[in-house]
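Let's take a walk through this model together, going from its metal sites to its open and enclosed spaces. Keep the viewer handy as we go.

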Amino acid sequence: MTRDSWLEGHSYLRPLADLSAQVNRAADEIDVLDARLPDWDDYRLDYLAGVPLLSSTDAVVDLEPGGRMAAALLERLAAATSPDWFVAETCALDTDLRRAPVVSRYIVDFLRGDESLIPPSPGLLRYLAWTAMARYLRPVVVAFDGWRDEDRWLRRHCPTCGSLPAMAQLVGADHGRKRLLSCGCCGTRWVFKRTCCPFCETDAQRLASVSIDGEPGLRIDHCESCGGYLKTYNGQGDEPLLLSDWSSLHLDLIAHDRGLKRLAASLYEFEPVRHP
Ligand SMILES: [Zn+2]
Ligand SMILES: [Zn+2]
């Protein structure tokens, strides 16, 4: 499955696909700074206590270089000459952030949830900053995947950055079938119980599933207790496309029409979603 063949069948997704491609192209031109791996032994106790890696004060991962990459991405996008709303909003954001004493520090504090920071277009900043930060963190996420004992986590939030999942994925077959949750921010995927709702944490087999005509690889799992839903990729091999969240925006509309609530984290809560 390629992005182009997906868009042939889902032409209404093209504005978001184009935006995502524009941002990824700009991000590809940013130098990826080196992320130093933490000492996993220093982190072990926090891990067992459910503290996400980036929140651990024992295993410090320096996010500042990722903040610098995010500032560079913003600057690059703001320098584009096309007169569309996206460039205009990115310019306004870039201009505003330059008032901060250290832009990279501002971005890191914002991603860490500092509520005293109120940038224009916070949704856009979250999206762009995580796009750059995820590239910076990739070696850490890969090493963490190798070190982590999944059975000792099984929590609803991302073991790396602490976000709630954006989507889920079912992998393996029969008795070995597992459900992974997928972080839309840092890109980590982690194991979660198959029958448990990641939002209200009810584990009473009250998860129902809606399959979508013409979309054998995707379904909507929802909880009868809290009404939350999670889009689920039922397959393997097309993770970059089918776990990207934007590629299944139509499932969010179907879920919304059924009265279900999106409790999953989203990086696409900004203008093009509301005004395509
Ligand atoms: Zn994460
Ligand atoms: Zn629930």
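**Two zinc sites and the spaces around them**

The site of the zinc ion (ligand 2) is tetrahedral, with angles of 106 to 114° among its 4 donor atoms. Keep in mind that we're looking at a predicted model. So who holds this zinc ion (ligand 2)? The protein donors are the SG atoms of C197, C200, C223 and C226, and they sit 2.3 to 2.4 Å from the ion. Read along the chain, these donors follow the spacing C-x2-C-x22-C-x2-C.

Are C223 and C226 buried or exposed? The cut-off for buried is under 20% relative accessible area. C223 has a relative accessibility of 3%, so C223 counts as buried. C226 comes in at 16%, so C226 is buried as well.

Now head over to the zinc ion (ligand 1). Its coordination comes from C158, C161, C183 and C186, each through SG, at 2.3 to 2.4 Å. Here the angles among the 4 donor atoms run from 99 to 119°, and the site is tetrahedral. The donor residues are spaced C-x2-C-x21-C-x2-C in sequence. Take C161 and C186 from this set: the pair links distant parts of the chain, 25 residues apart, with C161 in the loop between α7 and β1 and C186 in the loop between β2 and β3. C161 counts as buried because its relative accessibility is 15%. C186 is buried too, because its relative accessible area is 5%.

While you're in this part of the model, have a look at T160. It's found in the loop between α7 and β1 (167-171). With a relative accessibility of 1%, T160 counts as buried. What does T160 touch, once residues up to four places away in sequence are set aside? The list is P52, L53, L54, V141, F144, C186 and T188. One of those contacts, C186, is familiar as a donor to the zinc ion (ligand 1).

Let's go back towards the zinc ion (ligand 2) and look for enclosed space. How many cavities of 30 Å³ or more does a search of the whole structure find? There's 1, and about 40 Å³ of space lies in it. Its lining is made up of R179, C197, P198, F199, L207, D221, H222, C223, G228, Y229 and L230. The elements that give two or more residues to that lining are β5 (215-223) and β6 (228-234). By class, the lining residues divide into 7 nonpolar, 2 polar and 2 charged. You'll recognise C197 and C223 in the lining, since both are also donors of the zinc ion (ligand 2).

D221 is another of the cavity-lining residues, and it's worth a closer look. D221 lies in strand β5. At 8% relative accessibility, D221 counts as buried. Beyond its neighbours within four places in sequence, D221 is in contact with A208, S209, G228, Y229, L230 and T232. Of these contacts, G228, Y229 and L230 also appear in the cavity lining. For a sense of scale, the C-alpha atoms of D221 and A70 are separated by 33 Å, with the two positions 151 residues apart along the chain counted as their spacing.

That leaves the open spaces. The largest pocket has a volume of about 1000 Å³. Its lining takes in 38 residues, and R138, G187, P240, L243 and S244 lie nearest its centre. Elements giving two or more residues to this lining are α2 (14-28), α7 (122-147), β2 (178-182), β3 (189-192) and α8 (239-242). Which element has the largest share? That's α7, with 9 residues. Sorted by class, the lining has 20 nonpolar, 8 polar and 10 charged residues.

The second largest pocket holds about 340 Å³ of space. It's lined by 17 residues, with F110, L111, R112, G113 and R126 nearest its centre. Two or more lining residues come from each of α6 (103-111) and α7. Here too α7 gives the most, with 3 residues. The classes in this lining are 9 nonpolar, 4 polar and 4 charged. So as you rotate the model, follow α7, because this helix contributes 9 residues to the lining of the largest pocket and 3 to that of the second largest.

How values were computed: Residues numbered from 1 in each chain as written. Chains lettered and ligands numbered in written order. Predicted model: local features only at pLDDT ≥ 70, side-chain atom pairs only at ≥ 80, totals over all residues. Heavy atoms only, no water. Donors = N, O, S within 2.8 Å, 3.2 Å for Na, K, Ca; no water. Tetrahedral: all angles 85-135°; square planar, octahedral: opposite > 155°, others 65-115°. Buried < 20%, exposed > 50% of the residue type's maximum accessible area, 1.4 Å probe, protein only. 1 Å grid on protein atoms, 1.4 Å probe; cavity = no way out; pocket = protein on both sides within 12 Å on 5 of 7 lines; lining within 4 Å. Points joined across faces, edges and corners; volume = space filled by probe spheres on them. Helix = DSSP H or I, 4+ residues; strand = E, 2+ residues; numbered from the N terminus. Nonpolar A, V, L, I, M, F, W, Y, C, P; charged D, E, K, R; others polar. Contact = heavy atoms within 4.5 Å.
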